[in-house]
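The report below works through the architecture of a single chain, from its division into domains to the surroundings of individual residues. Please keep the sequence and the structure in view while reading.

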Amino acid sequence: MSVTDASRAVGAGTGRGDRLLARVLAGSDVGDVVSPLRHSVQLPARPGRPAAWPGWVPAVVVDALRAHGIDRPWTHQVEGAELAHAGRDVVVATGTASGKSLVYQLPVLTRFVADRRATALYLSPTKALAADQLRALEALDVPDVRATTVDGDTPAEERDWARRNARWIYSNPDMLHRSILPRHASWATFLRRLSYVVVDECHTYRGVFGSHVALLLRRLLRVAARYGARPTIVLASATVADPGPFATVLTGRDVAAVTDDGSPRSARTVALWEPPLLPELSGENAAPVRRAAGTEAARMLADLVVEGARTLAFVRSRRGAELTAMGARRLLAEAAPELVGRVESYRSGYLPEERRELEAALAGGRLLGVASTNALELGMDIAGLDAVVVAGFPGTRASFWQQAGRAGRAAEEALVVLVARDDPMDTYLVHHPDALLGAPVERCVLDPANPYVLAPHLACAAAELPLTAADLDGVFAGTPAEAVLDALVDDGVLRRRPTGWFWPSASEWPASSVDIRGSGLGQIALVEAGTGRMLGTVDAGSAPATAHPGAVYLHRGESYVVDSLDLDAGLALVHPDNPDWRTDARSTADVEIVAELCRSEHGPVGVSYGETRVTTQVVGYQRRALDGRVLETVPLDMPEQTLDTRAVWYTIDDAALADAGIVPARIPGALHAAEHAAIGLLPLFAICDRWDIGGMSTALHPQTGLPTVFVHDGHPGGAGLAERGHGVMQRWLAATRAAIAECECRTGCPSCVQSPKCGNGNNPLDKAGAVVVLDLVLGALRG
């Protein structure tokens with residue numbers, strides 16, 4: 001459907017989703033400018049396929065479910081539950097709101113009825129999701145389940161009760177890693193009777209975090225085996241490609257997949273929206289500026305709340321969620337003041353009591369509009385939403401459909417709007433709707449053999465139980481465990497004895513120093529200097545870019561400015577302030593080739609993949625007005641950070657560039673622009689965010705001796721992203737070329753070749769030269 005056709009179609013239908021889209025479009029103050037609606041499509045409703053209750057499910061469980069409104073299960077629920085009941089590890093990968101929880105509830109509750117001593121462990125990536133799932137279980141009121149949460153917010157006396165009495169523990173990987181496994185002896189009774197392990201939202205366990213969780217699950221299964229248990233694993237996932245092989249890598253076991261979704265789905269209108277250019281403004285290097293996606297989302301959120309539509313706006317960052325909620329409340333204060341209190345923000349980093357308060361308001365319906373990070377993509381099981389606004393492509397098609405699935409659970413049609421950021425990936429998708437709406441979801445990438453991830457987990461495992469050769473052939477099979485253990489022995493971390501590898505200290509535990517979610521460097525506490533009140537935390541690896549002196553930090557609508565950052569002490573001091581600007585860090589990078597693992601020659605172009613060492617340093621930050629204008633660039637002197645990772649790179653012969661019309665003076669800008677756009681488009685082919693990857697380009701790299709463009713993983717040891725880029729380089733660079741060439745700007749803008757994290761202030765950039773470079777590379781690859 002063309003832009004014009006899409007606009008004409010809006011309002012022509014009778015569904016609520018179509019009417020809400022008409023309201024959103026009417027509220028857009030673009031005047032005579034071309035409509036921001038790039039594409040819209042109506043997804044039809046789908047009827048459900050019910051099935052009979054399995055004969056092995058006890059009557060008490062069936063009666064409880066029926067009393068809770070579940071008359072009959074759907075076909076995929078029965079298929080998955082049958083496999084789990086038979087002792088087969090299984091992953092259920094179906095849509096949002098398809099009832100995946102019933103797949104594990106049926107076999108677990110059945111086992112509890114048959115064996116009053118049996119236990120189960122539920123793991124989720126967020127505390128909110130675990131708390132929500134526990135509430136759903138408790139509402140069933142099945143006798144003698146004795147379920148409880150055990151997480152970082154659980155008081156010591158409640159943990160003690162759980163160890164002695166709980167049959168079903170709801171927890172998360174962090175708690176398993178830091179508390180349960182290091183103290184497994186005190187959990188011996190629970191672990192000895194462990195029958196099921198539930199891994200919810202397992203598609204979030206990808207990249208480095210997924211590699212950590214994969215090794216954590218191996219540690220859990222190893223300790224459980226020590227107590228004589230072999231639990232069945234039930235995994236639940238959003239729709240992803242090849243869920244069976246992915247779950248097999250994640251768990252180290254052969255996992256069956258259930259993917260045929262038998263649940264009903266409401267009709268939805270899905271719209272792709274590109275904010276208009278703002279002719280009165282210019283950005284960095286005089287580039288055109290689009291209205292920010294968060295600003296558009298705030299306006300839409302306010303419009304939809306006025307319409308009485310329960311709306312969830314997903315925003316990419318913590319700060320963005322805060323700003324979007326603030327913007328919506330400011331608009332409502334003018335149009336409908338009585339609704340201001342019904343709009344809030346929700347994100348990770350809030351203190352436990354704040355999260356609980358917001359979750360209760362969401363569950364009770366007091367909040368009508370919420371701006372959230374992906375904390376609510378996986379969090380509360382919010383029912384009956386009328387609309388979802390996605391402010392910026394969330395990085396993967398799987399996440400987009402997961403977020404979109406929060407809308408349309410009622411009988412009426414719902415609305416989903418993707419608002420494009422000023423970003424190459426977002427711009428490409430709204431102009432190539434088939435790349436989003438017609439393409440299959442991505443594969444999840446993880447690598448438990450990554451030695452940077454494997455080493456700390458082997459140390460943790462040795463501290464839990466001495467490692468043996470049988471462990472290397474069993475739970476850690478397929479990894480370079482023996483070589484990594486030898487290195488740990490050489491470094492004095494572990495000791496080698498004839499019977500295996502041992503942790504040498506009885507008073508220190510390695511788990512406390514291993515960060516499974518972040519950079520491995522721990523967390524930085526943000527503390528209000530005047531009161532000593534802790535506001536939240538940021539990952540130490542990203543702190544130089546997000547919590548540097550002078551940075552603006554938002555917390556629940558309140559603005560703070562960072563006074564000082566002490567990485568060694570893990571502390572950033574802030575003071576309350578209300579500046580009318582935001583901050584963006586600037587950094588420099590240098591890439592050293594450590595080992596070239598593979599290389600192919602294509603005439604004047606060489607393509608390589610290998611190990612690299614990346615040195616970065618935050619050298620300053622920009623103060624930007626809220627409309628994007630650069631007000632000031634402030635220098636910083638932050639410590640260098642070194643990253644050993646993996647990269648994909650290509651080289652181009654100087655003569656070929658000259659023949660293509662790129663004179664030496666244009667080479668830096670042409671390569672730089674091609675590098676930026678390639679970083680922006682790699683998430684189209686690998687499950688990642690552009691902030692998970694980095695890059696560097698140079699007209700003469702000292703090791704290659706040629707003009708070179710690098711794109712590297714942003715995690716120690718790599719996360720499989722550069723390797724994926726190497727495998728799909730031709731398709732990846734073709735999409736990159738299209739994104740640049742089709743952008744309506746003249747010399748380059750954030751929608752094509754400018755990068756929000758460029759250490760050189762997006763200079764030099766040669767948009768036309770980047771197209772020539774990519775044409776040359778693609779022609780050589782097609783060769």
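What distance separates the centres of domain 3 and domain 4, taken over C-alpha atoms? In this predicted model, the two centres lie 35 Å from each other. The division of the chain places domain 3 at 451–512 and domain 4 at 519–579, while domain 2 covers 59–258 and domain 5 covers 586–781. Domain 1 is assigned two segments, 16–44 and 266–438.

**The parallel sheet and strand E5**

Seven strands form an open sheet in the order E4-E5-E3-E6-E7-E2-E8, and their pairing is parallel. Its edges are strand E4 (147–149) and strand E8 (256–258), each of which pairs on one side only, and from one strand to the next the twist averages 15 degrees.

Strand E5 (residues 168–171) runs parallel to E4 and is joined to E4 by 3 bridges, and E5 is also joined to strand E3 (residues 119–123), again in the parallel sense, by 4 bridges. On the E4 side, Thr148 is placed opposite Ile169 of E5, and Thr149 is placed opposite Tyr170; on the E3 side, Tyr122 is the residue that stands opposite Tyr170. In a regular strand, side chains alternate between the two faces of the sheet. In E5, Trp168 and Tyr170 point one way and Ile169 and Ser171 the other, and all of these residues are buried.

Tyr170 and Tyr122 also appear in the surroundings of Gln133, a residue of helix H6 (residues 127–140). Is Gln133 buried or exposed? Gln133 counts as buried because its relative accessible area is 8%, which falls under the 20% limit. Apart from neighbours within four places in sequence, the residues in contact with Gln133 are Ser101, Tyr104, Tyr122, Tyr170 and Asp200.

A second buried residue is Ser179, located in helix H8 (residues 173–180), with a relative accessible area of 11%. Ser179 and Ser512 are separated by 333 residues in sequence, yet their C-alpha atoms are 8.7 Å apart in space.

**Strand E9 and its partners**

Strand E9 (268–273) is mostly covered, with 6 of its 6 residues buried. Arg268, Val270 and Leu272 point to one side of E9, whereas Thr269, Ala271 and Trp273 point to the other. E9 is joined to E1 by 6 bridges in the antiparallel sense, and to E16 by 6 bridges in the parallel sense. The table gathers pairs of facing residues from this region and from the sheets described above and below.

| Residue | Opposite residue | Strand of the opposite residue |
|---|---|---|
| Val41 | Val270 | E9 |
| Trp273 | Val419 | E16 |
| Tyr122 | Tyr170 | E5 |
| Ala525 | Leu571 | E23 |

**Helix H16 and its packing**

Helix H16 (residues 424–431) is mostly covered, since 7 of its 8 residues are buried; these are Pro424, Met425, Asp426, Thr427, Tyr428, Leu429 and Val430. The elements against which these buried residues pack include E9, strand E1 (37–43), strand E16 (414–419), helix H23 and helix H25 (729–742). At the start of H16, the backbone nitrogen of Met425 has a side-chain oxygen of Asp423 within 2.9 Å.

Two packed helices are described by the angle between their axes and the distance between the axes. For H16 and helix H23 (residues 667–681), the angle is about 65 degrees and the axes are 7 Å apart. Pro424, Met425 and Tyr428 contribute to this contact from H16, and Ala677, Gly680 and Leu681 contribute from H23. By character, the residues of the contact divide into 5 nonpolar, 1 polar and no charged.

**The mixed sheet**

Another open sheet has 5 strands in the order E20-E19-E23-E22-E21, with mixed pairing. Strand E20 (534–539) and strand E21 (552–555) are its edge strands, each pairing on one side only, and the twist averages 35 degrees from one strand to the next. Within this sheet, strand E19 (residues 523–528) and strand E23 (residues 571–576) run parallel and are joined by 4 bridges. Helix H13 (residues 318–335) lies across E20 and E21, and H13 runs at about 60 degrees to E21.

How values were computed. Residues numbered from 1 in each chain as written. Predicted model: local features only at pLDDT ≥ 70, side-chain atom pairs only at ≥ 80, totals over all residues. Heavy atoms only, no water. Axes fitted to C-alpha atoms, helices over the stretch in contact; angles between N-to-C directions. Helix = DSSP H or I, 4+ residues; strand = E, 2+ residues; numbered from the N terminus. Contact = heavy atoms within 4.5 Å. Nonpolar A, V, L, I, M, F, W, Y, C, P; charged D, E, K, R; others polar. Pairing = 2+ DSSP bridges. Buried < 20%, exposed > 50% of the residue type's maximum accessible area, 1.4 Å probe, protein only. Domains from an automatic or database assignment. Polar contact = N/O pair within 3.5 Å; in protein donor to acceptor, adjacent residues only side chain to side chain.
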